[in-house]
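This note is offered for consideration alongside the structure shown below. The points are numbered so that each may be checked against the coordinates in turn.

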Amino acid sequence: MALAEDTKPISPRRPTWRSRLLKLAASPRFQSWAARFPLTRGLVRREGEALFGIVQGFVASQVLFALVELRIPHRILERPGTAKELASEVGLAVDRMQRLLQAGAGLGLLRRRGDRFALSTRGAALIGVPGLEDMIRHHDLLYRDLADPVAFLRGDTQPELARFWPYVFGAGAAEDPDTARRYSDLMAQSQGLVAQEVLQTVSLQGTTRLMDIGGGTGAFAAAALKATPGLIVTLMDLPQVIDAARTRLAGSPVLERLHFFPGSFRDDPLPSGADAATLVRVLYDHADDTVTALLQKVKRALPPGGRLIVAEPMSGGETPDPIGDVYFAFYCMAMRTGTVRSQAEIAALLAEAGFVDIQTPRPLRAFVASVVTARVPSA
Ligand SMILES: CC(C)=CCC/C(C)=C/CC/C(C)=C/C=C/C(C)=C/C=C/C=C(C)/C=C/C=C(C)/C=C/C=C(C)/C=C/CC(C)(C)O
Ligand SMILES: C[S@@+](CC[C@H](N)C(=O)[O-])C[C@H]1O[C@@H](n2cnc3c(N)ncnc32)[C@H](O)[C@@H]1O
């Protein structure tokens, strides 16, 4: 009886140099020899440390969580502290605080000088990244969702993260103003860094009117207006988010050149009259069919030659990387509707929607955002 295609025994392949090498690396006897042999022991140590880094990833991020939650970096920013001093400030046993501080130093976030702990430059940088501490704090949801990663991958769990960002399920889901405010605060704080990244990667010189679709509470719009004299921006987002944007930007000088356009890009027309559009951290929240419909709509709303800029954290594609393909890929999976795409995948969706002159500039800081730009064909 013929075997079905997927139950056929795998025919033994001729070993290649690569497969021989992998078998050696997987052999405990070879490992123990290579750890002693002078020409290979450095490599064995580096590989072991790299592997250990992955093994302990969760523990390291829980240490980071505790440091942030107890505001240790803020407490020692100006004056190094001892375990005893910090323990009494936050109500922890001294020996536990000592362990936490020692762990923070082990991670390179703190520096130990005798029995005092100071911030390292990296620890100080953590305080300065807008929204990062709140991002770290909301990871409790993500880690709960990933507690059983196999069940999660099988789709047998009900991830909680999706409820934190309710807007992705459609305009109706974000009607509760408290919920809308919660996510828009975190989104707005983290948008500053993304705005910087986009404006460093692409120039808006020559653009007269920009629509920022799904622009949140307007941090990117404000940064674009500051960087580009004469530019006018229309900020489009769900009505509740636009209300939050009006509140957040009240009194700002950029208001003179900023228009608000409440609506849903799924159901309502896009603003007219823009010669460029931005989609900053919007596409990765949505499935391909929503993205395709949105891109087609953007193309119809722009004039011939009009430009579209897409910016968000992306997959490394053919060169997988830990930021796009581990953190953001699993984050988006926990969100349920979204997916991280590579520059090439976004370029393909843009081409399918009829955009041309698609550019994929090399990202400056891929952990903040990568960019893809495209144009509507000239008439
Ligand atoms: C020698 C001495 C003492 C001093 C000289 C040293 C000196 C001056 C060094 C420079 C130090 C410096 C300025 C460092 C700067 C470091 C920076 C800017 C680091 C930035 C790090 C940014 C990070 C880690 C960003 C993380 C972002 C995250 C985790 C974002 C998550 C976003 C999510 C989950 C969004 C979700 C949205 C949704 C729902 C998917 O749509
Ligand atoms: C991840 S946030 C990005 C916000 C902002 N561009 C940023 O980078 O911080 C996605 C934004 O898309 C908006 N959005 C989601 N669905 C939408 C829809 N149907 N119409 C308009 N905006 C929508 C959300 O309200 C949210 O502000």
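The points below concern a helix pair and a ligand site in a predicted model.

1. Helix pairs are described by the angle between their axes and the distance between those axes. Here, helix H4 (residues 57–69) and helix H7 (residues 94–106) have axes that come within 10 Å and cross at roughly 115°. The crossing of H4 and H7 is left-handed.

2. The residues that form this contact can be listed for both helices. H4 contributes Val 63, Ala 66 and Leu 67, which meet Leu 100, Ala 103 and Gly 104 of H7. By class, the contact of H4 with H7 comprises 5 nonpolar residues, 1 polar residue and no charged residues.

3. Turning to the ligand site, 17 residues surround ligand 2, and those that come nearest are Gly 214, Asp 237, Phe 265, Val 280 and Arg 281. The shell around ligand 2 divides into 7 nonpolar, 6 polar and 4 charged residues. Helix H13 (residues 177–201) supplies the largest share of this shell, 3 residues.

4. Three pairs of N or O atoms deserve inspection. In the side chain of Asp 237, an N or O atom is 2.6 Å from an oxygen atom of ligand 2. The side chain of Arg 281 likewise has an N or O atom 2.8 Å from an oxygen atom of ligand 2. For Phe 265, a backbone N or O atom lies 2.8 Å from a nitrogen atom of the ligand.

5. How much of the accessible area of ligand 2 does the protein cover? On its own, ligand 2 has 580 Å² of accessible area, of which the protein covers 99%.

Definitions and conventions
Residues are numbered from 1 along each chain as its sequence is written. Chains are lettered from A and ligands numbered from 1 in the order in which they are written. This is a predicted model: local features need pLDDT of at least 70, side-chain atom pairs count only at pLDDT 80 or more; totals for chains, interfaces and linings use all residues. Side-chain values use heavy atoms; hydrogens and water are left out. Axes are lines fitted to C-alpha atoms, for helices over the stretch in contact, and angles run from 0 to 180 degrees between N-to-C directions. Helices (H or I, at least four residues) and strands (E, at least two) are DSSP runs, numbered from the N terminus. A crossing is left-handed if the near helix is turned anticlockwise from the far one by less than a right angle, and right-handed if clockwise. Contact means heavy atoms within 4.5 Å. Ala, Val, Leu, Ile, Met, Phe, Trp, Tyr, Cys and Pro count as nonpolar, Asp, Glu, Lys and Arg as charged, and the others, Gly among them, as polar. A residue is near a molecule or strand if one of its heavy atoms lies within 4 Å of it. A polar contact is a pair of N or O atoms within 3.5 Å; within protein, one must be able to donate a hydrogen and the other to accept it, and residues adjacent in sequence count only if both atoms are side-chain atoms. Accessible areas come from the Shrake-Rupley method with a 1.4 Å probe; for residues, only the protein chains shown count as cover.
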